[in-house]
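Biologist: Please take a close look at one part of this model for me, the largest cavity, and then follow the contacts that lead away from its lining. I am a first-year student, so plain wording would help.

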Amino acid sequence: MLPEGRQVAKLKGPFKELIEFTGQIIAGVSVLGSNGEGYLLIEKGIPAIAQYNENGMELRGNDAIIFLRGQPFFEYSVSSYDESELREVITYSIRKKWLVDHKSLPAEEVTTLSEEEKLERILRQPGVIAVSSFFEGFPINSRGDGDFEHAAAIAEDLLRAGAKISADLGIGLLEQIILETPQGKCILAPFEDLYLVVLTSTDANLGLIRLAIKGVQKQ
């Protein structure tokens, strides 16, 4: 039996997004799909242990990773372990033959997302209400529920004010603005030659959303 650990996050999305999220931590991950469930141990973005059951068939190690890569969507429950729990996980997984052999694991194909797909990825994060790319106060591409023309105009004002403040303080170029109130949160961030404005509910996990933004900024 695997230890429960301490749950740190719940995510929804493709396997690649899970890898991006776990890039800086060692995490145990319970995986739930439409017809199955499984388990992963990921060490700073590198899957070390993998197992997935679907329709009575168990996939182990590399076979599980290849299967997970090919599916569009899973739900993940991410947990952290103390040293004792981590040793317990590794011992259990070795016995079950769940280890991933990276020397024989095929490299994952690199895919380039369209701008629309990048915005959809951000919109999927829990608590995100709307996301829009904008330029000079006008929305370019938008997803979710909101008055995007108004949001883009306000975001442009906020962006210019933030840039002036950062220049006056001598703290370098503006990279991101987070505005938080009792009614919601607003995030501004560079996006290719544009900027993004992301509107969220009050209970949104800013860490997950910022991670999703960083992920699309790199592509």
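Modeller: The largest cavity holds about 120 Å³ of space. The model is a predicted one, and a search of the whole structure finds one cavity of 30 Å³ or more.

The lining is made up of Leu11, Lys12, Glu17, Leu18, Glu20, Phe21, Tyr76, Gln125, Leu208, Leu211 and Ala212. By class, seven of the lining residues are nonpolar, one is polar and three are charged. Three elements each supply at least two residues of this lining: strand S1 (6-13), helix H1 (15-21) and helix H6 (206-217). Helix H1 gives the largest share, four residues.

Two of the residues in the lining, Glu17 and Glu20, lead on to the salt bridges. The general idea is that side chains of opposite charge can pair when their charged atoms come close. The structure holds 10 salt bridges. In one of them Glu17 pairs with Arg121, and the closest N and O atoms are 2.9 Å apart. This pair links distant parts of the chain, since Glu17 sits in helix H1 and Arg121 in helix H4 (residues 115-123), 104 residues apart. Are these two partners buried or exposed? Both Glu17 and Arg121 are buried.

Helix H4 takes part in a further salt bridge through Lys118, whose partner is Glu192; here the closest N and O atoms are 2.7 Å apart. This pair also links distant parts of the chain: Lys118 is in helix H4, while Glu192 is in the loop between strand S10 (184-191) and strand S11 (194-200), 74 residues apart. Lys118 has a relative accessible area of 3%, so this residue counts as buried; the cut-off for that word is under 20%.

Another salt bridge joins Arg143 to Glu120, with 2.8 Å between the closest N and O atoms. Because Arg143 lies in strand S8 (residues 138-144) and Glu120 in helix H4, the pair ties together parts that are 23 residues apart in sequence. Arg143 has a relative accessibility of 22% and therefore counts as partly exposed. Glu120, at 32% relative accessibility, counts as partly exposed too. Salt bridges with shared partners also join Glu17, Glu20, Arg121 and Arg124 into one network. Two members of that network, Glu17 and Glu20, bring us back to the cavity, as both belong to its lining.

For a view of another part of the model, turn to strand S3. Six of the eight residues of strand S3 (residues 36-43) are buried, so the strand is largely enclosed by the rest of the structure. Strand S3 pairs with strand S2 (residues 26-32) in the antiparallel sense over seven bridges. In S3, Leu41 stands opposite Gly28. The connection from S2 to S3 is a hairpin through three residues. Strand S3 also pairs with strand S4 (residues 46-54), again in the antiparallel sense, over eight bridges. There Leu40 stands opposite Ala50 in S4. S3 and S4 form a hairpin too, with two residues between them, and Lys44 in that turn has a positive phi of about 50 degrees.

How values were computed
Residues numbered from 1 in each chain as written. Predicted model: local features only at pLDDT ≥ 70, side-chain atom pairs only at ≥ 80, totals over all residues. Heavy atoms only, no water. 1 Å grid on protein atoms, 1.4 Å probe; cavity = no way out; pocket = protein on both sides within 12 Å on 5 of 7 lines; lining within 4 Å. Points joined across faces, edges and corners; volume = space filled by probe spheres on them. Nonpolar A, V, L, I, M, F, W, Y, C, P; charged D, E, K, R; others polar. Buried < 20%, exposed > 50% of the residue type's maximum accessible area, 1.4 Å probe, protein only. Pairing = 2+ DSSP bridges. Salt bridge = Lys/Arg side-chain N within 4 Å of Asp/Glu carboxyl O.
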